[in-house]
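Got your viewer open? Load the model, switch to cartoon view, and keep the selection box handy for a walk from stop to stop.

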Amino acid sequence: MSGMIEGYLGRESVTVGGEMTLHLSTDAPRFRLRFYRLGRELIPVGESGQYAGTRHTPPDHPDGLPGLASPADDWDWPPLTLPVPEDWQPGIHLVEFIECGPGRPGNPPLLGAEQLEGHAREFFVVRPRTPGSRSRILYKKSTFTRHAYNRSDRPGLERAVSLYDHPVHRAGGDGEPRGHKVSLHRPGGVIDLAYWDAPFVAWLERHGYPVEYCTDLDLHEDPGLLSSYDLLLSVGHDEYWSAAMRTHAERFVHDGGNIAFLSANACWWRVHPTDRNTAFVSDTDHHVGDEYPHLPATDQWWAPVPDGVGNPENALTGVSFRNGGMWPATEWPGDRPRVGYTVQHADHWIFEGTGLRDGSDGGTADRLGAGTPLIGYECDGAAFSYDESGIARATGEDGTPGSFLILGIHVLEPVHEDFHHFKWGHWNGPVREPSISSPRAATMGLYTAGGTVFTAGTTDWPVVCGLEQDPAVVRVTRNLLDRLRHRSPLPG
């Protein structure tokens, strides 16, 4: 028979030669751990001995919802502290929880890359002792976003508790801000890592791009972290950012560092880490049933004070989800349009070696990623207008930097305006700023303000590149990494 085992990390980022802490619950009499490193393949790197198993319960939902656990409180299961081996290579790692005892798996087959997604496992980042000693590229794993969506489900039990499912709203006070609260100390297994990160991590290693890794919490806590790097990567779905994360990233660019947002819905909500950085609060617009009882959502980055933060995310990223949209699907990539980006400025270095044309020769402009699900499932855009030559140019009226150059654009059609009631077969996203007259459009581009910031404008760029579904997307990514992996000297 197969029983129950689940767990979580005390912290999702550890250092070579340091310690890691796990918190497990199981109905098996014993359990053991199997460790892997995620690279071009999922490689086993170690196994533990057996430990006594104990079953633990989660805290009840604070709103008194029958049978539901709390997404806001630390589940506070007993800790198991282990050393991080000195010979482990830095990177994204996986720990698999294995039940032992009569009728339990005991010694199941090793996981392969195709079994990365699932329960009874968690991921964590291993960092080198000296930041920047192995690479000047830092890959930030979007862990705050992962926790916002983590429902803490497991096989046979749909808990459905997260920032989106049966959320917990706190009124604030006693040093804690107002908003919805989520604990980082809950189990949930591996989901987003398998879809967005794993293909791109494998691609990076196949093509000889060494990178180091960090989590959102690392960037939040360490003002000096980015000083050891020349390029920061944001990958996939990177929705939740703290004020400190943003401050550190903006200072990095000001000082000549580069950022590549191979992501979308980026920096959409501000979060406030609490409880010694084991939880966060975000004042969002998430519903309770069919109602939205806690508006305004004051942690919306772009919205003016007092209804929001008043600091549009596109001042950093160049684009915003409010100018883009989301294509709903039960499974990704779903049935969304596969048309790609209309190419602009084909003579730009980003397109070197692709052979793509922009129509300036009198022909039809090529479309980057045509035939692949490159655009979506969520995409970001910039307010724009067409010049006399039909070239889309950012207007800057939404906070996008004046030097932002649109390199690829796809106007989203058809659009459904009611974001809170999805419509299948449409790009969903309401008009949030009536003063902006340009249509919603996925937007790829870049700007320079000290360092260079590139944005892919779509969550699924790392998937299409990682799986090498389009040669031009792969070449653009290589051009980007080769150009930005070393910062250029600042003038003067």
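Start with Trp 241: is this residue buried or exposed? Select Trp 241 and you'll find it buried, with a relative accessible area of 0% (buried means under 20% relative accessible area, exposed over 50%, partly exposed in between, using a 1.4 Å probe and protein chains only).

A word on what you're looking at: this is a predicted model, where local features need pLDDT of at least 70, side-chain atom pairs count only at pLDDT 80 or more, and totals for chains, interfaces and linings use all residues. Residues are numbered from 1 along each chain as its sequence is written, and side-chain values use heavy atoms, with hydrogens and water left out.

**Stop 1: rings**

Keep Trp 241 selected and add Phe 261. The structure holds 24 aromatic pairs (rings of Phe, Tyr and Trp, the last by its six-membered ring, pair if their centres lie within 6.5 Å; planes under 30 degrees apart count as stacked, over 60 as edge-to-face and the rest as tilted). The Trp 241 and Phe 261 rings have their centres 6.1 Å apart and their planes at 40°, so this pair is tilted. Trp 241 lies in strand β15 (residues 240–242) and Phe 261 in strand β16, so the pair ties together parts that are 20 residues apart in sequence. Phe 261 is buried too, with a relative accessible area of 1%. (Strands are DSSP runs of E with at least two residues, helices are runs of H or I with at least four, and both are numbered from the N terminus.)

Next, select Tyr 139, Phe 200, Trp 203, Tyr 209 and Tyr 213: ring pairs link these into a cluster. Then pick Arg 246 and Trp 301. Arg 246 lies over the face of Trp 301, at 4.7 Å from the ring centre (a charge sits over a ring if NZ of Lys or CZ of Arg is within 6 Å of the ring centre and within 35 degrees of the ring normal).

**Stop 2: from β15 to the hairpin**

Back to β15. It pairs with strand β17 (residues 269–274) in the parallel sense over 3 bridges (two strands pair if DSSP finds at least two bridges between them). Click Ser 242, and its bridge partner in β17 is Val 271. Now add strand β18 (residues 279–282), which pairs with β17 in the antiparallel sense, again over 3 bridges. Here Pro 273 has Phe 280 in β18 as its bridge partner. β17 and β18 form a hairpin with 4 residues between them, and Asp 275 in the turn has a positive phi of about 50°.

**Stop 3: the nine-stranded sheet**

Color the strands in the order β13-β10-β14-β16-β29-β28-β25-β20-β21: these 9 form an open sheet with mixed pairing. β13 (212–215) and β21 (367–368) stand at the edges, each with a single partner strand, so one side of each has no neighbour in the sheet. At the β21 end, strand β20 (residues 341–343) pairs with β21 in the antiparallel sense over 2 bridges, and Thr 342 stands opposite Arg 367.

Now show helix α2 (residues 192–206). This helix lies across β10 (137–141), β13, β14 (231–237) and β16 (258–264), running at about 165° to β10 (axes are lines fitted to C-alpha atoms, for helices over the stretch in contact, and angles run from 0 to 180 degrees between N-to-C directions; contact means heavy atoms within 4.5 Å).

**Stop 4: the three-stranded sheet**

Select β1, β3 and β7. These 3 strands form an open sheet in the order β1-β3-β7, with antiparallel pairing. β1 (5–9) and β7 (79–83) are the edges, each with a single partner strand, so one side of each is left without a neighbour in the sheet. Neighbouring strands are turned by 35° against each other on average, direction ignored. Between β1 and β3 (residues 19–26) there are 5 bridges, and Gly 7 stands opposite Leu 24.

**Stop 5: cysteines and a histidine**

How many disulfides does the structure hold? The count is 0 (a disulfide is a pair of cysteine sulfur atoms within 2.5 Å). Select Cys 214: the closest cysteine sulfur, in Cys 267, is 15 Å from its own, too far for a bond. Cys 214 is buried at 0% relative accessible area, and Cys 267 counts as buried at 0% as well.

Finish on His 254, in helix α4 (residues 243–254). His 254 counts as exposed, at 57% relative accessibility. Leaving aside neighbours within four places in sequence, His 254 is in contact with Ala 449, Gly 450 and Leu 490.
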